[in-house]
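Biologist: I am new to this structure and would like a close look at a single part of it, the nonpolar core and the helices that pack around it. Please take me through that part slowly, and then on to whatever surroundings help me to place it.

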Amino acid sequence: MRPSSSFLRSLVFALATVGAVNAIEVDAATFAKQNFDFIVCGGGTAGTALAVRLSEISSFKVGVIEGGKYHKTPQGINFADVWNNPRNLAGRSIDIVRGKGLGGSSMVNLMGFLRAGKVEYDQIGHLGNPGWSWNEITPYFMKAENASLPTKNETEEIHAGYDPAIRGHRGPIQTSVTSWFSEAIPPFFDVLVRMGMQADRDFNDGTDANFVWPPILAIDPDTETRSYAANSYYEPNAKRKNLVVLLQSQVLKVELSDKKDKNGNLRATGVTYQDMTTNKTYTVSVKKDVIVSGGGIQSPQMLELSGIGNKTLLESFGIKSRIDLPDVGENYQDHLISFQSFDVPNTMETWDILYDPEKNASAYEEYMQNHTGVYTAGVSVISYMSLNKVVDAATLENWTAELDREFFARNPSPGRRLQYAIQRKRLDPHSNEASIEFYAAPSNAYAETRERNKSYMQIACIPSHQFSRGSIHVKSGNPLEHPAIDLNTFDFTIDKRIMLAGTRLGRNLTDKMPLKQIVVNDVKPPANTDTDDEWNEFIAQTASTPFHPCCTNSMLPREFGGVVNPRLVVYGTSNLRVADVSILPMILGTHLMATAYAIGERAADFIKEDYGVLH
Ligand SMILES: Cc1cc2nc3c(=O)[nH]c(=O)nc-3n(C[C@H](O)[C@H](O)[C@H](O)COP(=O)(O)OP(=O)(O)OC[C@H]3O[C@@H](n4cnc5c(N)ncnc54)[C@H](O)[C@@H]3O)c2cc1C
C-alpha cells in the first residue's frame, strides 16, 4: 500500500452516518427536460455551495450534474477515483485522488478547514483580480462556517486559539478542533514553540508563518461527524423545488452557440452528459449560466472537451476548437508531501490501535455509543514556517541565484514572470511568508513497517509553494478517459532542495527535547539515512501529494495566461464560468477546502450581482 493511502486511511476517522436523504435524485431523462437558469457541472465542494446559494433566489432554477452518488455514510477515501501519473518522481506513479460523489473532495478529505495567510489572498488580488483580497474574501470564509468555541481542555492542552471576530457563526459547515489527541503529539508542539513558533492564535486569523496550532476541522462537535458540502449545504435545502440534483451522470461537454455575440463571445447554451447507469446521453439547455465545478483535474478536461483550450492540442485529438485558450490545463500546481515514521512508547495510545481488530472494535463501539474516543480524532498539530527557519541566509542566496539562472534561461512568459516575482520574495532571508508546513500525526505512515502492539508517530513535511508547474490535458477525444496528469515535480532544482531541507529538519526535530524523550526509534527512513543522496532517494521513492491539484484554469488577465476573469467567466464566452480550486492562479500555503467553499460562495454573489438580485 502506498504511504499516502495508508496514512489517509488511518487518519480519516471522524466520519459517521449522515441522516436520511430527501428525494433528490431525478433521472437523467427528466433532468434534460427541465428549464434551468443555471447548470452546475460537478456537485463537489465549491459546486454544491454555489448551487445551494443560487437556489436561495426562488426565481432561479438550478440544476447540478454530479458524476458520483450521494454517499450517505462517507468513509475515508474509498469513494475516490485514483489516477496514475507514470512520469514523475524517479519514474514512479503517484496516486492523485479526489472525491467522486455529492460533496466531492469535502466528502473524503482530512477535514482541515484552513485559510492561508492574509498576504497570499492579497497576492491573488495583485495579480489583476479585484474582489479577491483578504479583506474581500474573508466574509465568504465566514459565510461558509459555523465555528464552535474550543473547550477549556482544548485551549489548555492543545492551545486552540479562537478569535470570534474573524470566524463564521451562521454558515453551514460546522467547525471545531479535534477533541481526541494522543500523548505522542504535544512534545512535537513543544519543540516547535521552543523554535520560536507562535502559539495560542486562531488558526484562520490571517497569520502567514511561524506559528503552530491545532488545525480547525470540519467536524460537528455535537455529533463528532464530518460536516461537508452534501450534508451541511445541500441536505438542509434539499426540498427546494428550484434545486435539482442529478447523480451518477458525467458531463461530456458544454454546448456553445454557433455564432459569437456582439462582443465577440460565444454563449453556453447547454450541457451534454451521460447517465453512467444506462450509458445514454442527453443534452439539457440553460437560460442563464453554465458553471463548471469539476475540481482542479476535471474542470480543465471539461473545457477542453467543449473545444476550449489549446487549438493545436485539441485538434490533434479530433476535438473541434471553439475558443483558442492555450492556458487551459497549464499552470498546474500541487503540494508535495514526505512522511517520516517513528516508534514511540507503546504505552501511548495512537491511531495504530485501529489496526488491532479487537481494539478497533471496542473503539468503534465507544464512538457509536458516546461519540468519543479515537474515532473522533483528527490532525492535532500543524505549523507553517518561513524558509529562514529552515536554511541559513547564505544558502538561500545561493539557491536564489541558481533559480534565477534556471528560470530566465527558459524565456518565461510575462504571466510566469509575474508569479515568479511574487514567489521569489519568499526566498529573501528576511521574508516571514510561509514556505514549509509540518504536521505530526500519531500513526505509522507506512503500513509495511507497522507491527502489532506498537505505537508510532509520523512527521509530514509539505513545501508550501513549488516553483515548478505541471499540466493536465485530455489525452484523447474520449470524454470518459482520464486526463494526462504531469506534475513536473522538481522541474526547478530549488523545489528539490526545499523538500530535502524540510525533510531533514523533520528528522532533526526528533533530536530536540521533549520530542527526543519519546522517540524510541526511526522506523522509516532508517536512522542511518544520512547523505543528501540517501535522503533524496528516500523522497523520490516515498513522496506523494496531499491532493491539492489546482490552478489549471487560472484567474488572471488573459495576456498573463488567464482562463477566467475575476468574475470567473471563461475568456471568449459570455456566460460560462468556472468555480472551484482550478481558478486559483497560484497555490496557497494551506490545504484548499475552506478556499473552495469561499470560491463557491464568492461565485454565487458574483452571479446574483450580475443578475441584479444580490441584496
Ligand atoms: C483525500 C483528500 C484529503 C484532503 N484533505 C484536505 C484537508 O484536510 N483540508 C483541506 O483543506 N483540503 C483537503 N483536501 C483538498 C480539498 O478537499 C480540495 O482541494 C477541495 O475540496 C476541492 O474542491 P473543488 O470544489 O475544487 O473540487 P471537488 O470537491 O473535488 O469537486 C469536484 C466534483 O466534480 C465532480 N465531477 C468532476 N468531473 C465531472 C464530470 N465530468 N461530470 C460530473 N461531475 C464531475 C466530482 O465527482 C466532484 O464531486 C483533500 C483532498 C483529498 C482528495
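Modeller: What follows starts at the core, moves along the helices that meet there, and ends with some buried sites and loops elsewhere in the chain.

Please keep in mind throughout that this is a predicted model. The largest nonpolar core has 158 residues, and among these Phe 188 and Tyr 597 are the ones that touch the most other members. The element that gives the most to this core is helix α17, which spans residues 593-610 and supplies 10 residues. If we set aside the neighbours within four places in sequence, Phe 188 is in contact with Val 381, Phe 438, Tyr 439, Ala 440, Met 457, Ile 459, Leu 509 and Leu 515. There is also a second, separate core of 10 residues, whose members include Trp 351, Ala 363, Val 374 and Tyr 375. As a general background, nonpolar side chains in soluble globular proteins tend to be buried together.

Helix α17 deserves a longer look, and Ile 599 is a useful residue to start from, since Ile 599 lies in this helix. With a relative accessibility of 0%, Ile 599 counts as buried, because buried means under 20% relative accessible area. Ala 579 is 20 residues away from Ile 599 in sequence, while the C-alpha atoms of the two are 6.3 Å apart in space. Apart from its neighbours within four places in sequence, Ile 599 is in contact with Trp 132, Leu 568, Ala 579, Asp 580, Val 581, Ile 583 and Leu 584.

Helix α17 also packs against helix α5: the two axes come within 8 Å and cross at roughly 105°. Angles of 65 to 115 degrees count as roughly perpendicular, and α5 and α17 are therefore roughly perpendicular to each other. On the α5 side the contact is made by Glu 136, Ile 137, Tyr 140, Phe 141, Lys 143 and Ala 144, and on the α17 side by Ala 594, Thr 595, Tyr 597, Ala 598, Glu 601, Arg 602 and Asp 605. Sorted by class, this contact of α5 with α17 has 7 nonpolar, 1 polar and 5 charged residues. Tyr 597, which takes part in this contact, is one of the two residues named above for touching the most other members of the largest core.

Helix α5, which runs over residues 134-144, packs in turn with helix α4, residues 118-126, at an angle of about 115° and with the axes 8 Å apart. That angle makes α4 roughly perpendicular to α5. Here Lys 118, Tyr 121 and Asp 122 of α4 meet Trp 134, Ile 137 and Phe 141 of α5, and the residues of this contact divide into 4 nonpolar, no polar and 2 charged. Ile 137 and Phe 141 of α5 are also listed in the contact with α17. According to an unreviewed UniProt entry, residues 99-122 carry the annotation "domain: Glucose-methanol-choline oxidoreductase N-terminal". Over residues 99-122 the chain is 21% helix and 4% strand, with the end C-alpha atoms 29 Å apart.

Moving away from these helices, we come to Val 251, which the unreviewed UniProt entry covers with the annotation "binding site". Val 251 is placed in strand β11, residues 249-256, and is buried, with a relative accessible area of 9%. Leaving aside its neighbours within four places in sequence, Val 251 is in contact with Cys 41, Ile 65, Val 271, Thr 272, Tyr 273 and Met 302. Met 302 is among the buried residues of helix α9, and this helix, residues 295-305, is mostly covered, with 11 of its 11 residues buried. Just after α9, Gly 307 takes a positive phi of about 90°.

Some loops complete the view. Thr 545 lies in the loop between α16 and β23 and counts as buried at 1% relative accessibility. By contrast, Asn 411, in the loop between α12 and α13, is exposed, with a relative accessible area of 62%, and has a positive phi of about 50° although it is not a glycine. A cis peptide bond joins Met 513 and Pro 514, with omega about 0°, and Pro 514 is found in the loop between α14 and α15.

Methods:
Residues numbered from 1 in each chain as written. Predicted model: local features only at pLDDT ≥ 70, side-chain atom pairs only at ≥ 80, totals over all residues. Heavy atoms only, no water. Core = buried A, V, L, I, M, F, W, Y, C linked by side-chain atoms within 4.5 Å. Buried < 20%, exposed > 50% of the residue type's maximum accessible area, 1.4 Å probe, protein only. Contact = heavy atoms within 4.5 Å. UniProt positions renumbered as here; feature names shortened; annotations may be inferred. Axes fitted to C-alpha atoms, helices over the stretch in contact; angles between N-to-C directions. Parallel < 35°, antiparallel > 145°, perpendicular 65-115°, else oblique. Nonpolar A, V, L, I, M, F, W, Y, C, P; charged D, E, K, R; others polar.
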